[in-house]
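Reader: Hi! I am new to reading protein models and would love a close look at one part of this one. Could you walk me through it slowly?

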Amino acid sequence: MTSVSASDHGEEPQGAVTTLSESALEADVIVSAAIADVVEESKLADSTVRLGTAPLGPLLFWLCFPTAISMSINAIYNLADSFFIGKYTGTVGLTAISLATPLETLFATAVASAVGVGAGAYMSVLLGKGHLSEGRMLMAHFLCLGLAVSIIVSTCTMSTLEWLLVSLLGCSEAVLPTLLAYTRVIFVFAPFGYFMVAGMLPLLRCENRAPVAMMMQILASLLNVIGDPIFMGVFGFGIEGAAYSTSFSQYAIGACVILFYLRPKTTSDVPPNFKGMFTGGFDIKIFQRILSGGIGQYLSMLPPSLCTIVANKQLARYSSTSTEGDTYVAAMGLASRFQSMLFMPLIGICMGLQPVLGYNYGQKNFNRMKRATVRVLYAAFGFTIVCSLAMEMFPYQFCG
């Protein structure tokens, strides 16, 4: 008897049918994911979509100019802060903040900036891809990471504060009480305050809201300048008043930014999804992406701070008296704050470029990324030329 196979009757073997079914299922999944991406991308606000569609010239001006202005205002605030500290506490107070600034940068400003830049870079890519649900998860992880890092920084610095001031900074006995009073307040309150300002503002820029970030930065500086004479003069807190004023301004602005994201009718594309994060658990990969994206920012801020620490110690070491050394340190601190007025706007110009690069990287629009980078390089080069010529032509007007 002759056996007849299924293929002889025109029927497909069962294995082939299974393979076809699996292939069809995979195709459905791919199509569904693609449709979901398109739907999510269509929900992006017009301001965010402009990062990939608007003419580069006006777009970069919209992003870079407000950021440069906000950084300039921040530099001017630093000088105004020095004025009030010098008025109410004298040379000792100026020496104290000159010594505290690099330490504050290493353990507060740079850490907050690194977390913010890392999250901002990743957020820009997600917005470019239209992955809003992942962006909301990133925002929730970012806020939790900022709180955790702030607590760790405060705990570590406060537990070793006197050693850091004496051994690392080389603080003299005359300045140590003043420096301790200032840094104790700063490292209790400021780490989370810096995170809410320096960390949150890059995320506003990711959604093409650079003017809003600028207003927040300017308002923080104004609150700080107004708070200095109130806390130091009216309340009589001395050098601690400057630290309270700094912390108060940061928390006030930080609260406004967080409320912008948490309010029920927020216009943000990526309000934090805490429910999804706590239900599904923390995603370690998101933390890794934030930290890996921000490590470069921290490393770029590390050398200037270390150089300032070394220079301060050398000034104190080679001075004939400790009083003379403290005066030199105070003078160098003022000079550094003035110098920041020239390079802070340059940093702002470069920061304005980041949302364009991240968004178009997510869109795989590499040609637009290249053209945007070239334009910003030209702008930064022109700015440095103008500043250098102005300093050479009018040195006494600037330094007098």
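How much of the chain over residues 181-204 is helix and how much is strand, and how far apart are the end C-alpha atoms?

Author: Happy to help! Keep in mind that this is a predicted model. Over residues 181-204 the chain is 96% helix and 0% strand, and 34 Å separates the C-alpha atoms at the two ends. In its unreviewed entry, UniProt lists residues 181-204 under "transmembrane region", along with other stretches, including 106-127 and 216-237. One of these, residues 106-127, is 100% helix and 0% strand, with its end C-alpha atoms 31 Å apart.

Now look at helix α6, which covers residues 176-199, and find its partner, helix α9, at residues 239-262. Two packed helices are described by the angle between their axes and the distance between the axes. The axes of α6 and α9 come within 8 Å and cross at roughly 10°. An angle under 35 degrees counts as roughly parallel, so α6 is roughly parallel to α9. Sorted by class, their contact holds 18 nonpolar residues, six polar ones and one charged residue.

Next, turn to the surface. A nonpolar patch of about 970 Å² is found there, and its members include Val 188, Phe 189, Ile 226, Tyr 244 and Tyr 251. Helices α6, α8 (210-234) and α9 each supply at least two of the patch residues. The largest share, four residues, comes from α8, and Ile 226 sits in that helix.

Helix α8 has a contact of its own to follow. The axes of α3 and α8 come within 8 Å and cross at roughly 5°, which makes α3 roughly parallel to α8 as well. By class, this contact has 17 nonpolar, eight polar and two charged residues.

Finally, stay with α3 for a moment. Side chains of opposite charge can pair when their charged atoms come close. Here Asp 81 forms a salt bridge with Arg 337, and their closest N and O atoms are 3.9 Å apart. Asp 81 lies in helix α3 (residues 56-129) and Arg 337 in helix α12 (residues 322-362), so this pair links distant parts of the chain, 256 residues apart. The count for the model comes to two salt bridges.

Key. Residues numbered from 1 in each chain as written. Predicted model: local features only at pLDDT ≥ 70, side-chain atom pairs only at ≥ 80, totals over all residues. Heavy atoms only, no water. UniProt positions renumbered as here; feature names shortened; annotations may be inferred. Axes fitted to C-alpha atoms, helices over the stretch in contact; angles between N-to-C directions. Parallel < 35°, antiparallel > 145°, perpendicular 65-115°, else oblique. Nonpolar A, V, L, I, M, F, W, Y, C, P; charged D, E, K, R; others polar. Patch = residues over 30% accessible without salt bridge, like charges linked within 9 Å, V, L, I, M, F, W, Y side chains within 5 Å. Areas by Shrake-Rupley, 256 points an atom, 1.4 Å probe, with all protein chains shown as cover. Salt bridge = Lys/Arg side-chain N within 4 Å of Asp/Glu carboxyl O.
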